[in-house]
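Thanks for coming. I will go through a few local features one at a time, so please keep the picture in view while I talk.

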Amino acid sequence: MIKALLQTAPIDTLNAVQAEIAAVAEKLTTTPPSELLTDLIDSAVAFGLKVIAAFVIYFIGAWLIKKIKKILTRIFEKRQTDEAIASFVQSIVSIAMTIMLIIITIGALGIDTTSIAALLAGGGMAIGMALNGTVQNFAGGIMIILFKPFKADDFVEVGGYSGTVVEVSITSTKLRTTDNRIIIIPNGVISNGTINNYSHLPLRRLDLTVDVEYGTSAEKTCEAVSELIKADTRILTSSVEGAADPFVALSALKDSSIQFVIRVWVKSEDYWNVNFDLIAKIYEELPKKGINFPYPKLDVNILNK
């Protein structure tokens with residue numbers, strides 16, 4: 001193997017190796033044994049001192065890293081930082097400082113660390129390129145945890161899916177859909193997309209439209225719908241901050257019907273229950289008051305020639 005390496009090595013390298021071997025051989029043959037022993041002892045002592053220094057540096061550095069981690073823990077606890085981001089930051093700091101400590105320790109032994117630093121830089125770049133998507137998810141997770149566009153138990157629409165937020169981790173977010181499925185969405189997709197949070201605010205406006213047949217009194221229809229709204233205690237009025245009084249009005253004249261718009265304010269948790277209940281009441285109660293719903297009509301005229 002050595003012979004093969006020597007055959008393929010550059011000429012300058014071979015010459016340098018040969019010169020070094022010749023110098024060592026000359027020193028061994030020309031230096032008295034007592035002097036050689038003295039040089040060997042001096043070299044061993046010098047190397048031993050370097051090893052001791054390296055051990056001292058390593059243990060002091062390890063103690064400092066533990067101390068810094070404890071300080072970070074106290075800072076995060078005092079500021080009530082999210083556990084996921086606190087753990088992530090502590091891990092990054094610990095890994096970076098440990099790598100620096102290893103390089104410094106190796107340097108204390110007299111070993112050139114330039115090549116090691118270059119190797120770490122190249123390896124870091126290669127890992128970063130290979131884990132590009134994962135790094136993006138990490139960054140997205142940090143953005144979500146820092147800015148908190150949603151939290152656990154919020155009902156959101158993200159990444160083309162809607163559901164209740166079950167868990168927010170540093171790389172992904174879990175949603176539970178209304179049909180009880182778990183959807184795991186990478187945080188990179190969420191942070192680069194549109195987030196629709198239905199639970200962020202305490203109140204929501206419910207908009208409905210009702211079509212009735214032509215010839216129906218607009219005033220009578222508005223009064224009938226208003227009575228149904230007043231009977232539901234879950235529907236809010238302007239006395240509640242952020243809400244407005246219920247609104248009912250004729251909004252459009254369509255081909256086969258006239259259309260009324262209904263706008264009411266409710267608590268976010270009551271939104272769907274009020275929506276379905278109000279539709280059912282309108283369907284059941286309006287016909288009792290002579291307000292009928294339209295059916296599609298088609299007029300056919302036959303001309304006799």
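Start at valine 158, whose bridge partner in strand E2 is tyrosine 161. Before going further, note that this is a predicted model. Strand E1 covers residues 155–158, and E2 covers residues 161–168. The two pair in the antiparallel sense, over 4 bridges. Together E1 and E2 make a hairpin with 2 residues between the strands. In that hairpin, glycine 159 has a positive phi near 55°.

E1 also pairs with strand E5, residues 195–197. This pairing is antiparallel too, and has 3 bridges. Here valine 156 stands opposite asparagine 197 of E5.

Now the side chains of E1. Which of them are buried? Val156 and Val158 are, and they point to one face. Phe155 and Glu157 point to the other face and are not buried. In a regular strand the side chains alternate between the two faces of the sheet. E1 shows that alternation.

Next, please find serine 268. It sits in the loop between strand E8, 258–267, and helix H9, 271–285. Is serine 268 buried or exposed? Its relative accessible area is 16%, so serine 268 counts as buried, because the cut-off for buried is under 20%. What does its side chain reach? The answer is the backbone oxygen of leucine 201, at 2.6 Å. Setting aside residues up to four places away in sequence, serine 268 touches Tyr198, Leu201, Pro202, Leu203 and Arg204.

One of those, arginine 204, has a further partner. Arginine 204 lies over the face of tyrosine 271, at 3.7 Å from the ring centre.

Threonine 105 can be described in the same order. It is placed in helix H4, residues 83–108. Its relative accessibility is 13%, so threonine 105 is buried. A polar atom of the threonine 105 side chain lies 2.7 Å from the backbone oxygen of leucine 101. Beyond its neighbours within four places in sequence, threonine 105 is in contact with Ala54, Ile57 and Tyr58.

Tyr58 brings us to the aromatic rings. Ring pairs link Phe55, Tyr58 and Phe59 into a cluster. How many aromatic pairs are there? The count comes to 6. One of them is phenylalanine 55 with phenylalanine 59: the pair is stacked, at 6.2 Å centre to centre, with 20° between the planes. Both residues lie in helix H3, residues 33–79. They are 4 residues apart, about one turn of the helix. Phenylalanine 59 is exposed, at 53% relative accessibility.

Another pair is tyrosine 283 with phenylalanine 293. Why is this pair called stacked? The ring centres are 6.2 Å apart and the planes are at 10°, so the pair is stacked; the cut-off for stacked is planes under 30 degrees apart. Tyrosine 283 lies in helix H9, while phenylalanine 293 lies in the segment after H9, so the pair ties together parts that are 10 residues apart in sequence. As for accessibility, tyrosine 283 has a relative accessible area of 61% and is exposed. Phenylalanine 293, at 23%, counts as partly exposed.

To go back over two points: serine 268 is buried and its side chain reaches the backbone oxygen of leucine 201. Threonine 105 is buried, and its side chain has a polar atom 2.7 Å from the backbone oxygen of leucine 101. That is all I have.

Methods. Residues are numbered from 1 along each chain as its sequence is written. This is a predicted model: local features need pLDDT of at least 70, side-chain atom pairs count only at pLDDT 80 or more; totals for chains, interfaces and linings use all residues. Side-chain values use heavy atoms; hydrogens and water are left out. Buried means under 20% relative accessible area, exposed over 50%, partly exposed in between (1.4 Å probe, protein chains only). Two strands pair if DSSP finds at least two bridges between them. A polar contact is a pair of N or O atoms within 3.5 Å; within protein, one must be able to donate a hydrogen and the other to accept it, and residues adjacent in sequence count only if both atoms are side-chain atoms. Contact means heavy atoms within 4.5 Å. Rings of Phe, Tyr and Trp (its six-membered ring) pair if their centres lie within 6.5 Å; planes under 30 degrees apart count as stacked, over 60 as edge-to-face and the rest as tilted. A charge sits over a ring if NZ of Lys or CZ of Arg is within 6 Å of the ring centre and within 35 degrees of the ring normal.
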